[in-house]
Structures are given as structure tokens and as C-alpha cells.
Amino acid sequence: MAVKHTPTDEVHIGTKGGKTGCGFNTTENPSHWVTTSESITCAKNGCKN
Ligand SMILES: [Zn+2]
């Protein structure tokens with residue numbers, strides 16, 4: 001699963017309502033996060049392999 005942070009257009013591993021692979025909490029600004037099937041663009045540890 002992947003979630004996109006719409007203000008930055010960055011795609012992270014994770015699910016809306018949880019934490020991203022790199023540790024963002026998607027519940028803090030839920031309107032900024034959308035579930036997506038796009039490939040991961042975040043380069044931080046936990047999102048990139
Ligand atoms: Zn990330």
C-alpha cells in the first residue's frame with residue numbers, strides 16, 4: 001500500500017490512518033494524505049527499500 005502526501009506530491013509506503021514507512025503520522029493532517037497506487041517516491045529510510 002502507498003499513501004501520497006498531497007502538499008509535497010511525495011508517495012510513501014503506508015496506509016491512510018496509520019504511519020508511513022518513514023514515520024509520518026497520517027492522522028495528524030488527514031486531509032493531506034490520499035491512498036494511491038503510484039510507486040513510492042519518498043527516499044527516506046523505511047519507505048525506500
Ligand atoms: Zn516516506
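**Exercise 1. Determine the pattern of secondary structure that the protein chain follows along the sequence.**

Solution. Read along the sequence, the pattern is β-β-β. The protein chain contains three strands and zero helices. Here helices (H or I, at least four residues) and strands (E, at least two) are DSSP runs, numbered from the N terminus. The structure is a predicted model, in which local features need pLDDT of at least 70 and side-chain atom pairs count only at pLDDT 80 or more, while totals for chains, interfaces and linings use all residues. Residues are numbered from 1 along each chain as its sequence is written. Taken along the principal axes, the C-alpha atoms of the protein chain fill a box of roughly 25 × 20 × 15 Å.

**Exercise 2. Establish the order of the strands in the sheet and identify the strands at its edges.**

Solution. Step one concerns the pairs. β1 and β2 run antiparallel and are joined by four bridges; two strands pair if DSSP finds at least two bridges between them. β1 also pairs with β3 in the antiparallel sense, over four bridges.

Step two places the strands. The three strands form an open sheet in the order β2-β1-β3, with antiparallel pairing. β2 and β3 (33-36) each have a single partner strand and stand at the edges, so one side of each is left without a neighbour in the sheet. Neighbouring strands of this sheet are turned by 35 degrees against each other on average, direction ignored. For that angle, axes are lines fitted to C-alpha atoms, for helices over the stretch in contact, and angles run from 0 to 180 degrees between N-to-C directions.

Step three names individual partners. Alanine 2 has isoleucine 13 in β2 as its bridge partner, and lysine 4 stands opposite valine 11 in β2. Towards β3, histidine 5 stands opposite tryptophan 33.

**Exercise 3. Locate aspartate 9 and describe its backbone and its exposure.**

Solution. Aspartate 9 lies in the loop between β1 (2-5) and β2 (10-13). The hairpin of these two strands has four residues between them. Although aspartate 9 is not a glycine, its phi is positive, at about 65 degrees. Aspartate 9 counts as exposed because it has 9 C-beta neighbours inside 10 Å. The scale is as follows: a residue is buried if 20 or more other C-beta atoms lie within 10 Å of its own, exposed if 12 or fewer, and partly exposed in between, with C-beta atoms placed from the backbone.

**Exercise 4. Determine whether histidine 12 is buried or exposed, and list what it touches.**

Solution. Histidine 12 is in strand β2. With 27 C-beta neighbours inside 10 Å, histidine 12 is therefore buried. Not counting residues up to four places away in sequence, histidine 12 touches Ala2, Val3, His5, Thr20, Gly21, Cys22, Phe24, Ile40, Cys42 and Cys47; contact requires that the C-beta atoms of two residues, placed from the backbone, lie within 7 Å. The C-alpha atoms of histidine 12 and cysteine 22 are separated by 7.7 Å, the two residues being 10 residues apart along the chain.

**Exercise 5. Identify the residues of the largest nonpolar core and give the buried share of the chain.**

Solution. A nonpolar core is a set of buried Ala, Val, Leu, Ile, Met, Phe, Trp, Tyr and Cys residues joined through C-beta atoms within 7 Å. The largest one has six residues in all: Ala2, Val3, Val11, Trp33, Cys42 and Cys47. In soluble globular proteins, nonpolar side chains tend to be buried together. Beyond residues up to four places away in sequence, valine 11 touches Ala2, Lys4, Thr36, Glu38, Ser39, Ile40, Thr41 and Cys42. Of the 49 residues in the protein chain, 24% are buried.

**Exercise 6. Compare the positions of glycine 17 and glutamate 28 in the fold.**

Solution. Glycine 17 is in the loop between β2 and β3, and glutamate 28 is placed in the loop between β2 and β3. Glycine 17 counts as exposed because it has 12 C-beta neighbours inside 10 Å; glutamate 28, with 8, is exposed. Their C-alpha atoms are 9.1 Å apart, and 11 residues separate them in sequence. Not counting residues up to four places away in sequence, glycine 17 touches Thr26 and Thr27.
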